[in-house]
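Reader: I am new to this structure and would like a close look at one part of it, the place where two helices meet. Could you take me through that contact with care, and then set it beside whatever else deserves attention in the model?

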Amino acid sequence: MSDSEDAQLEARLAEQDAFEPPESFVEQANVSDPGIYEAFEDDWPECWERAAELLDWERDYDEVLDDVEEPFYEWFTGGKLNASANCLDRHLADRGDETAIQWEGELGDTRSFSYAELHREVNEFAAALRSIGIEEDDVVTMYMPMIPELPIAMLACARIGAPHSVVFAGFSADALATRMNAADSEYLITCDGYYRRGDALDHLSKANDGLDGVEHDATTVVVDRLGPESEHDLGENQLDYDELVADHEGETVDPVTRDAEDMLFLMYTSGTTGTPKGVKHTTGGYLSYVAWTAHAVLDVKPEDTYWCAADIGWITGHSYIVYGPLALGTTTVMYEGTPDYPEKDRLWEIVETYGVDQLYTAPTAIRAFMKWGETYPDRHDLSSLRLLGTVGEPINPRAWKWYYKHIGGEECPIVDTWWQTETGGMMITTLPAVGEMKPGSAGPPLPGVSADVVDESGDPVAAGEAGYVTVDRPWPGMLRTLYRNDDRFVSEYWEGYSDPETDEWVYFPEDGAKIDDDGYITILGRVDDVINVSGHRLGTMEIESAVVGVEGVAEAAAVGGDHDLKGEAVYVYAILEDGYEESEEMEQAIVDGVTEAIGPIARPERIVFTPELPKTRSGKIMRRLLVDIANSEELGDTSTLRNPDVVSDIQERSR
Ligand code: WT7
């Protein structure tokens with residue numbers, strides 16, 4: 001293409017604000033009938049049988065939805081199934097030799113598991129887990145990076161009915177301890193280390209530090225990822241994965257029959273308070289929902305090579321690297337490392353090598369690719385791609401269009417999928433073969449999902465006005481409760497907009513949004529004290545308590561400020577105790593304190609020392625104002641502050 005043609009194309013793209021799904025895609029799509037929205041509406045909640053039908057049930061369910069005890073909804077009650085059997089055993093006859101997991105290490109080493117091989121590994125490890133005493137309903141914690149043993153361990157647990165609780169490997173030792181304690185988890189599966197940008201990272205020491213903070217005895221299984229080059233010692237109650245599995249070579253374990261409503265896993269996530277929330281997902285509803293959305297939205301077919309470039313340590317990886325794709329019997333790609341190692345074309349090299357059909361990633365990555373420039377994707381043949389997806393934070397239209405043009409070659413639909421740890425799977429997105437795409441807007445709620453944008457009193461806002469997302473009907477993938485905290489479950493998600501008197505239960509995801517005349521929802525971001533850094537969810541309270549944990553810090557506020565690549569970055573405003581100096585050492589101590597308490601993802605972008613924090617008359621920190629200061633924006637009304645004078649001082653110090 002000549003430069004002038006290219007410039008014309010750029011100009012056209014820049015102006016275009018709606019895109020039709022490509023013909024070639026529509027023709028082959030799993031779901032292409034626009035009537036699906038109405039069909040779900042007319043037949044709700046029975047419409048969700050379509051999701052359940054994607055699974056094999058050992059016993060049929062009696063009821064699709066049980067709403068006797070709202071908001072403690074139950075789905076597919078009476079049904080019995082096993083998640084591991086659905087992800088493995090049932091594919092053996094037809095797809096035993098097809099690749100289930102295609103793994104690539106950061107150094108270029110590869111491992112691939114056919115369904116038959118994965119089945120074998122999972123069975124052996126399930127037998128091993130049983131042999132060390134793990135029983136049905138014991139919570140097993142996993143603290144592992146992107147290595148095949150992580151999904152193997154998850155499926156092995158699912159096989160024996162032991163719920164897993166995966167802690168993101170980038171989280172700190174403290175974070176691991178908090179989560180193991182909260183769940184009374186007596187088993188940990190971890191590894192010696194992994195590679196990041198070519199360096200071998202020691203992970204086991206961090207895991208061991210975490211174990212020091214666990215209040216009860218725990219048995220640990222350690223995977224040897226780094227091999228003989230890196231020696232590691234095992235402590236008391238620590239077992240080597242390979243040795244343990246070798247003792248159970250060739251053994252099989254019958255999948256335990258689980259109730260649809262039995263817990264499949266827990267996932268701890270951040271909220272308004274300092275204590276992480278243990279989001280509980282179940283076997284029948286969750287698995288049906290992720291299989292259905294992977295089928296309808298990601299257009300996954302068994303013969304595809306599908307790649308979600310997220311980390312299994314977050315919900316995106318649970319739902320769309322492990323459970324959704326494996327339930328559908330496809331090939332799921334796993335990559336251990338970073339996208340810029342050894343070079344900035346690593347992702348495109350992987351797409352080309354394996355002939356990836358669908359790529360699902362986050363806006364933060366797309367913005368980085370855009371910054372690096374199209375020379376990197378241009379080096380590779382990306383024509384195998386059929387669909388692109390994005391998730392985790394709002395995507396700006398410019399990044400959307402770049403993705404559409406330079407990665408999708410204008411031939412792949414993009415699905416901008418809004419959902420949360422709590423929702424289990426996607427909620428708001430276009431269906432890729434139905435309806436147009438509008439860059440920057442996630443789209444309408446999925447068929448069967450009832451979401452709206454409302455004002456403070458719960459009334460729908462006019463098109464274009466800002467309001468809050470609400471969901472006024474349950475869905476199969478929904479969280480069932482917060483583990484051991486039903487009260488918090490009700491107060492966090494249901495109290496804001498529900499009217500128990502009239503039995504109207506409305507789920508509040510704590511996101512701001514607007515809606516257009518076509519019912520397309522544009523997500524504006526969190527309205528609670530949660531910061532979204534590169535699609536990772538962090539609680540401001542957790543960061544603040546880490547900062548005040550540093551010797552010499554009297555008080556602190558953490559907020560999210562805009563960041564070109566990360567979406568949001570952490571800004572810390574700290575008051576020091578008398579006798580402590582506002583120094584670089586103090587800044588470093590705060591950075592270290594936060595990294596140690598939470599992990600490197602929470603590392604503050606900027607630390608501003610201040611003698612005071614802006615507070616309302618009732619003593620609440622006015623975070624909104626600090627966000628404006630971080631973003632160097634005009635400040636709104638400061639008259640309600642108890643100490644308005646402090647504002648210009650903080651602004652001055654922030655420059
Ligand atoms: C929060 C949930 C969904 C899995 C990864 C994050 C934000 C998520 C989008 C999107 C705009 C989005 C929301 C949501 N978010 N997807 N497509 N557009 N914002 O899961 O850690 O539970 O975070 O991520 O603010 O509430 P999570």
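**A helix pair and its wider setting**

Author: On the side of helix H21, the residues Leu625, Leu626 and Ile629 take part in the contact, and they meet Val647, Ile650, Gln651 and Ser654 of helix H22. Sorted by character, the residues of this contact comprise five nonpolar and two polar ones, with no charged residue among them. Please keep in mind throughout that the model is predicted. H21 covers residues 623-630 and H22 covers residues 646-654, and their axes come within 10 Å of each other while crossing at roughly 35 degrees. The crossing of H21 with H22 is right-handed.

The surroundings of the ligand give another view of the model. Here 17 residues lie around the ligand, and those that come nearest are Asp416, Thr417, Thr421, Arg526 and Arg537. In contrast to the helix contact, which has no charged residue, the shell around the ligand contains five charged residues, together with six nonpolar and six polar ones. Helix H13 (315-327), strand E20 (414-417) and strand E24 (521-526) each contribute at least two residues to that shell.

Some of the polar contacts can be followed atom by atom. A polar backbone atom of threonine 417 lies 2.8 Å from a nitrogen atom of the ligand, and a polar backbone atom of glycine 392 lies 3.1 Å from a nitrogen atom of the ligand. With arginine 537 a side chain takes part, since one of its polar side-chain atoms is 2.7 Å from an oxygen atom of the ligand. The ligand taken alone would expose 550 Å², of which the protein buries 97%.

Finally, some loops hold backbone details that a new reader might pass over. In the loop between helix H17 (397-407) and strand E20 sits glutamate 410, a residue other than glycine whose phi is nonetheless positive, near 60 degrees. Proline 45 belongs to the loop between helix H3 (36-42) and helix H4 (49-52), and the peptide bond leading to proline 45 from tryptophan 44 is cis, with omega near 0 degrees. Tyrosine 341 and proline 342 are likewise joined by a cis peptide bond, with omega at about -5 degrees, and proline 342 is found in the loop between strand E17 (331-335) and helix H14 (346-354).

Conventions. Residues numbered from 1 in each chain as written. Predicted model: local features only at pLDDT ≥ 70, side-chain atom pairs only at ≥ 80, totals over all residues. Heavy atoms only, no water. Axes fitted to C-alpha atoms, helices over the stretch in contact; angles between N-to-C directions. Helix = DSSP H or I, 4+ residues; strand = E, 2+ residues; numbered from the N terminus. Left-handed = near helix turned anticlockwise from the far one by under 90°. Contact = heavy atoms within 4.5 Å. Nonpolar A, V, L, I, M, F, W, Y, C, P; charged D, E, K, R; others polar. Near = heavy atom within 4 Å. Polar contact = N/O pair within 3.5 Å; in protein donor to acceptor, adjacent residues only side chain to side chain. Areas by Shrake-Rupley, 256 points an atom, 1.4 Å probe, with all protein chains shown as cover.
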